[in-house]
Amino acid sequence: MLDDWLAEFRHPFEGVRVVGHRWSAASHQLKDFLGRNQVPYQWLDVEVSDDARTMVEAAGHGAGLPLVVLPDGGVMQAPSIAEVAARIGMSDKAELPYYDLVVVGAGPAGLAAAVYGASEGLHTLLVEAEAPGGQAGMSSHIENYLGFPSGLSGGDLARRGLTQARRLGAEILTPQEVTALRVADGYKILTLANGDEVNARSLLLSSGVSYRRLTAPGVDQFTGAGIYYGAAMSEAASVAGEDIYIVGGANSAGQAAVFFSAHARTVTILARGDSLEDAMSQYLVERIHATRNIKVAVRSEVAGVGGTDRLQSITIRDIKTGEEQTVPATAMFIFIGAIPRTDWLDGVVARDEHGFILTGPDLNGPDLEGWPADRHPHLLEGSVPGVFAAGDVRHGSVKRVASAVGEGSVAVMFIHRYLSDS
């Protein structure tokens with residue numbers, strides 16, 4: 001009798017439940033936020049789930065979507081990300097008035113710096129605007145990271161790094177954005193989006209980069225409603241049995257194509273180059289060619305997209321001939337390069353013409369006007385003493401997870417030198 005009961009019993013889900021519909025940009029953003037922050041949640045689509053419709057009816061006429069149903073029974077209607085984060089216990093306020101080290105950005109470089117800084121006795125604060133892991137955290141499978149012969153997902157890497165940093169004593173603020181920096185009496189004073197200020201003796205900038213936007217006609221209209229930037233793994237179940245498109249020809253695009261090939265009927269990569277080998281690691285190229293339902297269209301670009309309330313078609317242009325064809329599509333994932341998140345540093349820290357932070361030997365005379373120290377900047381130090389940069393946001397960095405982790409850990413060594421000399 002017990003075996004019969006176990007075979008049929010389904011324990012009710014007791015975590016966060018999100019009620020919305022697939023083509024809602026707000027629903028997608030909320031699912032993506034919860035997933036990337038390792039918060040267990042259950043997705044209920046009002047178009048296919050009776051339970052979802054019952055919850056909407058219970059919330060009352062005109063209830064705003066998405067609904068967020070909390071484990072304690074509370075219901076939030078069309079909440080902001082910040083409101084959800086506060087209700088589920090995520091912290092966006094610093095506990096101390098000042099810190100030895102503040103790390104801005106919890107990608108691989110920032111996580112490594114938080115781990116090493118906290119482990120070596122520095123009062124360390126890690127501030128992340130979206131979710132730990134950065135762009136690497138959105139990778140479905142990283143196969144070339146040392147020590148993981150079978151590979152690991154970016155989400156796993158972020159979760160392990162965050163757990164390690166917390167265990168060693170680092171304080172984590174997420175989601176929280178830094179909006180300004182000023183320097184006074186040697187302290188780096190950071191202004192947060194909620195108006196609070198945090199004082200730091202040293203600062204590591206590891207805020208990474210954000211995906212470059214595709215400018216083809218119609219793309220902005222359907223972003224979040226069939227068009228997504230990054231892997232958007234929260235949408236994997238939704239594309240089951242469909243024909244989807246990946247825009248881009250580098251490693252992130254290749255990893256996404258392999259991941260979605262296990263769900264979608266076909267995955268087509270649209271790459272501007274003459275071949276995938278131009279910008280993609282060989283192990284990924286071989287995996288893609290060996291996957292039967294992945295197609296590759298080189299010398300191709302998106303000329304436009306169409307639809308009503310969601311993405312329904314893509315117009316593809318042959319770069320060489322100019323010929324165009326329009327194909328039906330329900331999902332498109334974009335990976336066309338990235339730009340740094342450094343506008344808030346304007347006028348304070350020297351950057352190159354693209355916004356990447358200049359450090360060490362890349363700094364020249366004009367960049368160091370007003371440099372007060374009687375020494376040259378350390379290898380990863382910027383144009384302000386005590387302000388360091390690591391990872392993708394740094395000028396000349398190697399865009400690989402292992403190198404970002406290395407830079408984040410090495411930066412702490414230079415930070416110790418700076419703190420001991422100041």
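Serine 206 sits in the loop that joins strand S10 to strand S11 (209–211). In this predicted model, serine 206 has a relative accessible area of 5% and is buried, because the cut-off for burial is under 20%. Its contacts, leaving out residues up to four places away in sequence, include Val103, Val104, Gly105 and Gly107. Ala109, Gly110, Ala390 and Val393 also touch serine 206.

Leucine 368 is another loop residue, placed between strand S20 (338–340) and strand S21 (387–389). Its relative accessibility is 22%, so leucine 368 counts as partly exposed. Beyond four places in sequence, leucine 368 touches Leu363, Pro377 and Ser383. Glycine 382 is 14 residues from leucine 368 in sequence, and their C-alpha atoms are 9.1 Å apart.

The table sets the two loop residues side by side.

| Residue | Loop between | Relative accessibility | Class |
|---|---|---|---|
| Serine 206 | S10 and S11 (209–211) | 5% | buried |
| Leucine 368 | S20 (338–340) and S21 (387–389) | 22% | partly exposed |

**The parallel sheet**

Five strands form an open sheet with parallel pairing, in the order S12-S19-S13-S14-S15. Its edges are strand S12 (227–229) and strand S15 (294–297), each of which pairs on one side only. On average, neighbouring strands of this sheet are turned by 20° against each other, direction ignored.

Within the sheet, strand S13 (residues 243–247) pairs with strand S19 (residues 331–334) in the parallel sense, over 4 bridges. Valine 247 stands opposite isoleucine 334 in S19. Helix H8 (residues 251–261) lies across S13, strand S14 (266–270), S15 and S19. H8 runs at about 165° to S13.

**Nonpolar cores**

The largest nonpolar core holds 44 residues. Those with the most contacts inside this core are Ile246, Phe260, Val302, Val305, Ile314, Met332 and Phe333. What does phenylalanine 333 contact, leaving aside neighbours within four places in sequence? The partners of phenylalanine 333 include Ile244, Tyr245, Ile246 and Val247. Phe260 is also in contact with phenylalanine 333, as are Tyr228, Gly230, Ala231, Ala232, Glu235 and Val239. Another core, of 26 residues, lies apart from the largest one; Ala113, Leu126, Ala165 and Ala170 are among its members.

**Helix H10**

Helix H10 (residues 401–421) has 21 residues. From first C-alpha to last, H10 reaches 31 Å, close to the 30 Å expected at 1.5 Å a residue. Its buried residues include Val401, Ala404, Glu407, Gly408, Ser409 and Ala411. Further along H10, Val412, Phe414, Ile415, Tyr418 and Leu419 are buried as well. The buried residues of H10 pack against two helices, H5 (108–119) and H6 (154–167). They also pack against strands S5 (98–104), S9 (187–192), S10 (197–205) and S21.

**The whole chain**

The protein chain has 10 helices and 21 strands. Its radius of gyration is 23 Å, which agrees with the value near 22 Å for a compact globule of 422 residues. Along the principal axes, the C-alpha atoms fill a box of roughly 70 × 60 × 45 Å. Of the 422 residues, 51% count as buried. Among contacts between residues at least 6 apart in sequence, 61% join residues at least 24 apart.

How values were computed
Residues numbered from 1 in each chain as written. Predicted model: local features only at pLDDT ≥ 70, side-chain atom pairs only at ≥ 80, totals over all residues. Heavy atoms only, no water. Buried < 20%, exposed > 50% of the residue type's maximum accessible area, 1.4 Å probe, protein only. Contact = heavy atoms within 4.5 Å. Pairing = 2+ DSSP bridges. Axes fitted to C-alpha atoms, helices over the stretch in contact; angles between N-to-C directions. Expected span 1.5 Å × (residues − 1). Core = buried A, V, L, I, M, F, W, Y, C linked by side-chain atoms within 4.5 Å. Rg over C-alpha atoms; globule rule 2.2 N^0.38 Å.
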